[in-house]
Amino acid sequence: MRPIRQLLSALLGALVFAAILLGAAAGPAAAHDAAESSSPADGATLATPPDQVSVTFSNNPLGLGAEFVVTDAAGASWADGPVEIVDNVASQRLRPGAPAGTYTVQWRVASSDGHPIEGRSTFTATAGAAGSTAAAAVPTLGTPEPGTTAAPAEPADSAPPFAWSIVIFVGVAVGILVTLGLMAKRRLTSGGDD
């Protein structure tokens, strides 16, 4: 009866240890930074397109790999220059001369813990910006826009986050199996007299 109690105690201890490890691993994962607001707000209607768009986060994002893609209804890109991050606000300047219409803002930044976070919002401008013309607003297929490069739909270095909880689970399972094996070996070598 005594070896069964020892086995059950070891198994219970291993399960408690595994629960603690999994709880500690899940804690930081649940605390990723989040977008608190955007400017213009999602679904907002403005008189003219803004000079820049921005997203405010719950913590300071990292500048590594930050990207904003701002497109109009025709698919033309209006982002101008690199993403600027000041404290917990990431912003993107827009090219002048943007036409009236609906705009889509897609953003992606690295949160303060290094995990990528992304989002999307839209806004509508009821009138074009000063200097916008129909010809400049809708480039035709095959007409390159000087000085602009189309952004890739998905960054090349994007990969799903590594599932550390699986590694921890496998490690705990191996530890339990080794413990059980050692206990069985001890019992077999002692002749089961315990």
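Let us begin with one pair of residues: Val55 has Ala90, in strand E6, as its bridge partner. Please keep strand E6 in view, as much of the first part of this talk turns on it. The model before you is a predicted one.

Val55 belongs to the pairing between strand E3, residues 52-57, and strand E6, residues 89-93. These two strands are antiparallel and are joined over five bridges. Strand E6 also pairs with strand E5, residues 84-86, through three bridges, and here too the strands run antiparallel. Which residue stands opposite Ala90 in this second pairing? That residue is Ile85. Ala90 is thus met twice: as the partner of Val55 and opposite Ile85. In addition, Val86 stands opposite Val89 of E6.

Strands E5 and E6 form a hairpin with two residues between the strands. In this hairpin, Asp87 adopts a positive phi near 55 degrees.

We may now place these strands in their sheet. The sheet is open, has four strands in the order E1-E3-E6-E5, and is paired in the antiparallel sense. Why is one side of E1 and of E5 left without a neighbour in the sheet? Strand E1, residues 35-39, and strand E5 stand at the edges and have a single partner strand each, so one side of each has no neighbour there. From one strand to the next, the twist of this sheet averages 20 degrees. As a general point for reading any such sheet, side chains in a regular strand alternate between the two faces.

I turn to the second sheet. This open sheet also consists of four strands, ordered E2-E8-E7-E4, and its pairing is mixed. At its edges are strand E2, residues 44-46, and strand E4, residues 62-72, each of which pairs on one side only. Here the twist from strand to strand averages 25 degrees. Within this sheet, E4 and strand E7, residues 101-110, run antiparallel and are joined by seven bridges. As one example from this pairing, Val69 stands opposite Gln106 in E7.

Next, the helices. The chain contains three helices and eight strands, and their order along the sequence is α-β-β-β-β-β-β-β-β-α-α. Helix H3 covers residues 164-189, which is 26 residues. From its first C-alpha to its last, H3 reaches 37 Å, close to the 38 Å expected at 1.5 Å a residue. Which residues of H3 are buried? Val172, Ile176 and Met183 are among the buried ones.

For the chain as a whole, 24% of the 194 residues count as buried. The accessible surface comes to about 12200 Å², and 63% of that surface belongs to carbon and sulfur atoms. Among contacts with a separation of 6 or more, 64% are between residues 24 or more positions apart.

Finally, we should consider confidence. The mean pLDDT of the chain is 78, with 74% of the residues at 70 or more. Where is confidence lowest, and where is it highest? The lowest value is found in helix H2, residues 134-137, with a mean of 42, and the highest in E6, with 93. Over residues 133-140 the pLDDT is below 50, and this stretch has eight contacts in the model beyond near neighbours in sequence. Where pLDDT is low, the predicted coordinates should not be read in detail. Strand E6, with which we began, is where the confidence of the chain is highest.

Definitions and conventions. Residues numbered from 1 in each chain as written. Predicted model: local features only at pLDDT ≥ 70, side-chain atom pairs only at ≥ 80, totals over all residues. Heavy atoms only, no water. Expected span 1.5 Å × (residues − 1). Buried < 20%, exposed > 50% of the residue type's maximum accessible area, 1.4 Å probe, protein only. Pairing = 2+ DSSP bridges. Axes fitted to C-alpha atoms, helices over the stretch in contact; angles between N-to-C directions. pLDDT = per-residue confidence, 0-100. Contact = heavy atoms within 4.5 Å. Areas by Shrake-Rupley, 256 points an atom, 1.4 Å probe, with all protein chains shown as cover.
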